[in-house]
Structure formats: structure tokens, C-alpha cells
Amino acid sequence: MLTVEALTGGYGGSQVLFGMDFEAGAGQAVSLIGRNGMGKTTTVRTLMGMLPARGGRIVLQGTLLTTLAPHAVARLGVGLVPEGRRVFGSLSVEENLLATARRPSSAKGWTFDRVLTLFPRLRERRRQSARTLSGGEQQMLAIGRALMTNPLLLVLDEATEGLAPLIRHEIWDCLRSLKQEGLTIIVIDKNLTEMASLLDRHHIVEKGRVVWSGTPDELRARSDLAHRYLGI
Ligand SMILES: Nc1ncnc2c1ncn2[C@@H]1O[C@H](COP(=O)(O)OP(=O)(O)OP(=O)(O)O)[C@@H](O)[C@H]1O
């Protein structure tokens, strides 16, 4: 579905990605984990076309993404829930959702009504401006906005950061049901235990490359890895 091969990139004079390699099969959920500053968000920005790749390839269902602009990547079916929940604060919940809406390609696609059914809290607050929502509600809105683009691949960068445990559980439940519907998911997150039941595979990122990958069970059995690469 998605293949990232030997990807290099960075900002101006500083190289951050030194040959990222990973895959997400159709309908799989995979993680990028690792300590701060190791290149996870930079990988996401490069995948989305927000930063140019300097080398390597990103291929989505046979299409090379590496040279495409962000709007073209989004149109091919990659939906991003960015770090820091960037919703439009002055717009209402409804306006935020309609701003990214794309006509569903099938009857099963995401519509305004379906997103509000997934997140009933947003239905109650549909006319409220986004900046007055709680952190958890803004995160639900950020996920809802990404779903309104009817993605094939959903990428979540620290989607549960700073949220209360109960709200985090709601978000994981939502991601599990999206996966059951066949969506492919990439998550960057620090909650290893909570994400385990969603994920098929973890990828540990260290200094701009994947240094280990395996199932959540395999990671659980390797406390040395968690200590060395995740600082746990
Ligand atoms: N806009 C930028 N300009 C220059 N350097 C940047 C920029 N954004 C990030 N970096 C640097 O790139 C490196 C990787 O950052 P990145 O955000 O990809 O890490 P990360 O693994 O996602 O960590 P975190 O969990 O802290 O977000 C860091 O050294 C960071 O300081």
C-alpha cells in the first residue's frame, strides 16, 4: 500500500532523515516510535509533500509521491492529523469539517453526518467555534477533518498527546473501528501499551532511520529496546 524506501531529507543545511525504510500494507496499522527529535514528524512532512525528499522513494499504491505537492498527495488519499491539532479556531465545528470535504468515492465514504455519528460530542457542538472546544474535542475534530477527505491512508502525528486517559481511549477505539473498515493507518505516539491492540507493527526511529521493526508482542519481549531507543 505504502512503501518508504531509503528516504533522505531535512531542513536547509541540516539532514534529518538518513535512509528511512518502512511499509504499511493495505488495512494495516503501523507506528513510528522513538525519542524526541529522531525524525518522525520530518518523515510525515516529507510523505505529505510539505518537505522535499532529497533521495529515496515514497510509493502509494504504485504511485510515486516523492515529487508531488501536498494537495496532490492529499488527493491521492493520504489524510493527515497533524501534530498540535491544527483546526481553524475561528470557524465552527461544522465549517471545519466542510472545509476539507471531498465527495465520497463510494457509498461507504465519509460524510459530515457520518463523522458526527462517530464523534457525538462534535454533533452537540457543531455550531461552536473550534477554539472553544476542549483539547480532546479539537483532536476529534482534527481526525474528523482528515476523514472528510476520504483517505485510504490516515497519518496521525501525536494525536493523543496531552489528552485525558478517557479521551485517549475514545480515540484509540475510533482508530480500531476505522482499521476494521479497512483504512490503513500510521501513528506516531508515545503510549505503547494503549496503541498495542491497534497495531500490526512498530518501527523504531533513531537518528533518521528505522533501526528495528516488529509486532507489539515482540517489542514487549525486548525491554532492552525500549530502554535503549525509547528511554523507558
Ligand atoms: N522546521 C525545522 N527547521 C529546522 N530543523 C527542524 C525543523 N523541524 C524539526 N527540525 C529538527 O529536525 C529533527 C527531527 O525533528 P522531528 O520533529 O522530525 O522529530 P520527531 O522524531 O518527530 O520528534 P518529536 O517527538 O519531538 O516531534 C530535530 O533535530 C529538529 O530540531
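These legends accompany a set of close-up views of a predicted model.

**Figure 1. Confidence in the predicted model.**
Before zooming in, here is how the predictor scores its own work. The chain has an average pLDDT of 92, and 97% of the residues reach at least 70. For the complex, the predictor reports an ipTM of 0.95 and a pTM of 0.93. As a reading tip, predicted coordinates should not be read in detail where pLDDT is low.

**Figure 2. The shell around the ligand.**
Start with the ligand and the residues that surround it: Tyr11, Ser14, Val16, Gly34, Asn36, Gly37, Met38, Gly39, Lys40, Thr41 and Thr42. Two elements, strand S2 (14–24) and helix H1 (40–47), each give two or more residues to this shell. H1 provides the largest share, with three residues. Sorted by class, the shell holds seven polar residues, three nonpolar ones and one charged one.

**Figure 3. The antiparallel sheet.**
Here you can follow four strands in the order S2-S1-S4-S5, which make an open sheet with antiparallel pairing. S2 and strand S5 (63–64) are the edge strands; each has a single partner strand, so one side of each has no neighbour in the sheet. The next three views take the pairings in this sheet one by one.

**Figure 4. The S1–S2 hairpin.**
Strand S1 (residues 2–11) pairs with S2 in the antiparallel sense, and eight bridges join them. The two strands form a hairpin with two residues between them. One of those to look for in the turn is Gly12, which has a positive phi of about 50°. Beside the turn, Tyr11 has Ser14 in S2 as its bridge partner. You have met this pair before, since Tyr11 and Ser14 are both among the residues around the ligand.

**Figure 5. S1 against S4, with a closer look at Ala6.**
S1 also pairs with S4, again in the antiparallel sense, over five bridges. Two residue pairs help you find your way: Thr8 has Gly55 in S4 as its bridge partner, and Leu2 has Leu60 in S4. Ala6 lies in strand S1 and is worth a pause, for its phi is near 50°, a positive value in a residue other than glycine. Is Ala6 buried or exposed, or does it fall in between? Ala6 has 14 other C-beta atoms within 10 Å, so it counts as partly exposed. For context, side chains in a regular strand alternate between the two faces of the sheet.

**Figure 6. The S4–S5 hairpin.**
Strand S4 (residues 55–60) and S5 run antiparallel and are joined by two bridges. In this pairing Val59 stands opposite Leu64 in S5, while Leu60 faces Thr63 in S5. Leu60 is also the bridge partner of Leu2, which lets you step from the previous view into this one. S4 and S5 form a hairpin with two residues between them, and Gln61 in the turn has a positive phi of about 45°.

**Figure 7. The parallel sheet and helix H6.**
Now move to another group of four strands, in the order S3-S8-S7-S6, which form an open sheet with parallel pairing. Its edge strands are strand S3 (29–32) and strand S6 (78–81), each paired on one side only. From one strand to the next, the twist averages 15°. Helix H6 (residues 135–147) packs on this sheet and touches S6 and S7; the direction of H6 makes about 170° with that of S6.

**Figure 8. S7 beside S8.**
Within the parallel sheet, strand S7 (residues 153–157) and strand S8 (residues 184–188) run parallel and are joined by five bridges. One pair to pick out is Leu156, whose bridge partner in S8 is Val187.

**Figure 9. From Glu158 to Leu166.**
Glu158 sits in the loop between S7 and helix H7 (165–180). The phi of Glu158 is near 55°, a positive value in a residue other than glycine. Glu158 has 18 other C-beta atoms within 10 Å and is therefore partly exposed. In helix H7 you will find Leu166. Leu166 has 8 C-beta neighbours inside 10 Å, so this residue counts as exposed. Leu166 and Gly136 are 30 residues apart along the chain, and their C-alpha atoms are separated by 9.6 Å.

Key
Residues are numbered from 1 along each chain as its sequence is written. This is a predicted model: local features need pLDDT of at least 70, side-chain atom pairs count only at pLDDT 80 or more; totals for chains, interfaces and linings use all residues. A residue is near a molecule or strand if its C-beta atom, placed from the backbone, lies within 6 Å of it. Ala, Val, Leu, Ile, Met, Phe, Trp, Tyr, Cys and Pro count as nonpolar, Asp, Glu, Lys and Arg as charged, and the others, Gly among them, as polar. Two strands pair if DSSP finds at least two bridges between them. pLDDT is the predictor's confidence in each residue, from 0 to 100. Axes are lines fitted to C-alpha atoms, for helices over the stretch in contact, and angles run from 0 to 180 degrees between N-to-C directions. Two residues are in contact if their C-beta atoms, placed from the backbone, lie within 7 Å. A residue is buried if 20 or more other C-beta atoms lie within 10 Å of its own, exposed if 12 or fewer, and partly exposed in between; C-beta atoms are placed from the backbone.
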